[in-house]
Amino acid sequence: MKLAKMRTSLATNIIGSIVLLMLIFSIIVSTIGYVSFTNAFKREYADTTYHIADTAATLVIADNIDRYLAEGGKSAEYKQTREYLDSYCDKMNVSIVYVIKVDTSDYGRFTSVFNSVGKDTPYTPWEIGYQQDTTNDEYVRIYKDIYENSLKYGTVYRTKDLRGAPPHITTLVPIKDSGGKVVSLMCIQRPMKELDTVRDKYMAKVGFTALGFAVLFALFFASYSRKQFVNPLSKISAEATRFAKENAKGESFEVKSNIHEISALASSIDKMETDMLKYIDNLTSITAEKEKMGAELTIAKTIQENSIPNIFPAFPERAEFDIYASMDPAKEIGGDFYNFFLIDDDHLAFVIGDVSGKGIPAALFMMVTNILVSDRTLMGGTPAEILTFVNNNICDHNKADMFVTLFLAVLEIPTGKIIAANAGHDDAAICKKDGTFELYKTRHNLAVGAMKGVKYKDFEIQLDKGDKLFIYTDGVPEATDKNNSMFTQDRMLRALNENASGTPKDVLKGVRSSVDEFVGDASQFDDLTMLCI
């Protein structure tokens with residue numbers, strides 16, 4: 001018996017060692033080649049792209065960046081520089097040559113100064129002054145390090161998740177003014193088409209070689225594996241199939257194999273049947289509990305919907321104004337809200353808010369904020385005084401460190417004068433009678449809940465007969481399609497102006513229709529709330 005065990009163990013070790021050594025050798029060679037080739041290729045691209053970017057930076061007069069932006073690129077000097085960069089982009093065979101000025105407050109946003117796009121690329125040039133949020137944390141870190149002079153240049157590789165663009169490298173170098181201060185960044189995006197092409201050929205050779213050896217050894221092991229592996233595993237598979245159909249305990253069974261692991265597997269299958277039956281019982285209980293939670297969420301959604309005005313027309317007895325609002329949460333319940341109510345016969349308050357986060361925590365925070373704002377508004381005071389009070393009260397009990405952006409306004413109905421305050425919320429859009437919607441840009445205060453003691457500021461808006469005011473949450477301009485492209489404020493304004501002559505209800509339905517058409521089959525990412533008066 002000891003000799004039989006030794007023979008079995010020896011055969012297993014020989015077969016296993018040969019197969020394992022082949023696999024390990026192939027994996028090591030492939031991995032070393034793959035990594036070495038990729039790293040060498042990236043180093044070469046990084047060095048040459050840096051020199052391309054460093055040379056391109058000399059074409060830009062750093063001291064005039066702010067003037068270019070202020071003039072909107074209309075100067076002859078700007079146009080000449082742009083022609084130089086366009087020519088340089090074509091001659092160096094790069095995808096994009098662009099200069100950006102980064103918002104150094106948090107490095108989360110930048111403004112385009114120059115943007116040259118190469119031929120046969122899928123990109124569209126940005127206009128001067130175009131602004132965009134920084135795409136990811138890697139860029140934020142590089143922007144910060146370069147602007148603070150702790151990094152000579154930055155390099156970002158993109159070889160996957162490209163959304164239709166080819167693999168590329170982006171190199172960023174500082175553009176410094178005559179005083180040595182970094183005022184903007186020169187960025188070069190260069191395609192890396194050769195990386196996948198050459199690397200795939202190498203991996204194909206290794207794969208075909210390994211496949212040839214595998215076929216030879218497969219023929220040798222066929223007869224052995226049938227006796228020791230295939231037949232026993234077939235018996236185990238038949239038992240597993242029977243259990244899957246019947247969901248009932250079967251008789252204990254044995255398999256004849258010199259491979260200990262297969263014998264152990266047969267025992268494990270027998271034990272699994274017992275454990276699976278117990279699991280099914282537990283799963284039934286868990287499913288029932290989950291259904292109960294779903295019902296509770298439905299009730300919570302109903303409560304949330306009924307906590308805000310949802311019957312329109314809201315004031316059928318008042319002919320001086322018309323108001324309409326809608327809220328569509330991304331999940332069962334959301335963190336957005338709106339509200340409007342008469343303070344007295346001559347004053348109408350309206351508010352819109354967007355709580356950080358989603359789901360139940362955001363919904364609870366939304367309910368608390370709505371109640372505080374409503375109750376405090378009815379006590380009198382300007383929107384700034386109201387938001388100061390609400391912010392201090394929320395900060396006193398905000399252990400979860402949540403916050404909410406708010407736009408609160410009080411309309412003096414006889415005169416059309418609005419006093420409003422903005423706590424980190426998107427700017428309103430205003431349409432004068434027979435005109436078009438435009439953003440009404442104002443200074444933003446901190447979001448409510450961000451820091452105690454903030455003093456909010458009021459500002460005034462004058463609405464005349466036939467004027468409209470539109471406020472919204474960021475779920476409108478930031479609605480994304482399946483390619484993660486945003487709806488943007490520009491599309492929102494176009495949608496508003498296509499319905500500018502309609503009622504507030506028509507305006508909101510028109511915007512929502514445009515958002516739905518843009519998003520298509522993509523799932524809703526954020527709550528979408530709008531109000532028009």
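This is a working chat about a predicted model, covering its overall make-up, some salt bridges, a helix pair and one residue.

Biologist: Before we start, what kind of model is this?

Modeller: It is a predicted model, in which local features need pLDDT of at least 70 and side-chain atom pairs count only at pLDDT 80 or more, while totals for chains, interfaces and linings use all residues. Residues are numbered from 1 along each chain as its sequence is written, and side-chain values use heavy atoms, with hydrogens and water left out.

Biologist: How many helices and strands are there in the protein?

Modeller: The protein has 10 helices and 16 strands, taken as DSSP runs numbered from the N terminus (H or I of at least four residues for helices, E of at least two for strands).

Biologist: And what share of the residues counts as buried?

Modeller: Of the 533 residues, 40% count as buried, where buried means under 20% relative accessible area, exposed means over 50% and partly exposed lies in between, using a 1.4 Å probe and protein chains only.

Biologist: Salt bridges next, how many does a search of the whole structure find?

Modeller: The search finds 13, each being a side-chain nitrogen of Lys or Arg within 4 Å of a carboxyl oxygen of Asp or Glu.

Biologist: Which residue does Glu-77 pair with?

Modeller: Glu-77 forms a salt bridge with Arg-67, and their closest N and O atoms are 3.1 Å apart. This pair links distant parts of the chain, with Glu-77 in helix H3 (residues 76-91) and Arg-67 in helix H2 (residues 65-71), 10 residues apart.

Biologist: Why is Glu-77 called partly exposed?

Modeller: Glu-77 counts as partly exposed because its relative accessibility is 29%, and Arg-67, with a relative accessible area of 32%, is partly exposed too.

Biologist: Where do Arg-141 and Asp-145 lie?

Modeller: Both are in helix H4 (residues 137-147), four residues apart, which is about one turn of the helix. Their side chains meet in a salt bridge with an N to O distance of 3.9 Å, and Arg-141 is partly exposed at 44% relative accessible area.

Biologist: What about Asp-516 and Arg-512?

Modeller: The side chains of Asp-516 and Arg-512 form a salt bridge at 2.9 Å, N to O, and both residues lie in helix H10 (residues 504-519), four residues apart or about one turn of the helix. Asp-516 is partly exposed, with 39% relative accessibility. As for shared partners, salt bridges join Arg-67, Glu-71 and Glu-77 into one network.

Biologist: Staying with H10, at what angle do H9 and H10 pack?

Modeller: Helix H9 (residues 488-498) packs against H10 at about 135 degrees, with the axes 8 Å apart, and the two are therefore oblique to each other. Oblique covers whatever is left once angles under 35 degrees count as roughly parallel, over 145 as roughly antiparallel and 65 to 115 as roughly perpendicular.

Biologist: Which residues make the contact?

Modeller: From H9 they are Arg-491, Ala-495, Leu-496 and Glu-498, and from H10 they are Val-507, Gly-510, Val-511, Ser-514 and Phe-518, where contact means heavy atoms within 4.5 Å.

Biologist: Changing topic, is Ile-323 buried or exposed?

Modeller: Ile-323 is buried, with a relative accessible area of 2%, and lies in the loop between helix H6 (260-306) and strand S7 (324-328). Leaving aside neighbours within four places in sequence, Ile-323 is in contact with residues including Phe-312, Phe-340, Pro-504 and Cys-532.

Biologist: How far is Ile-323 from Lys-505?

Modeller: Their C-alpha atoms are separated by 7.8 Å, although the two residues are 182 residues apart along the chain.

Methods
Axes fitted to C-alpha atoms, helices over the stretch in contact; angles between N-to-C directions.
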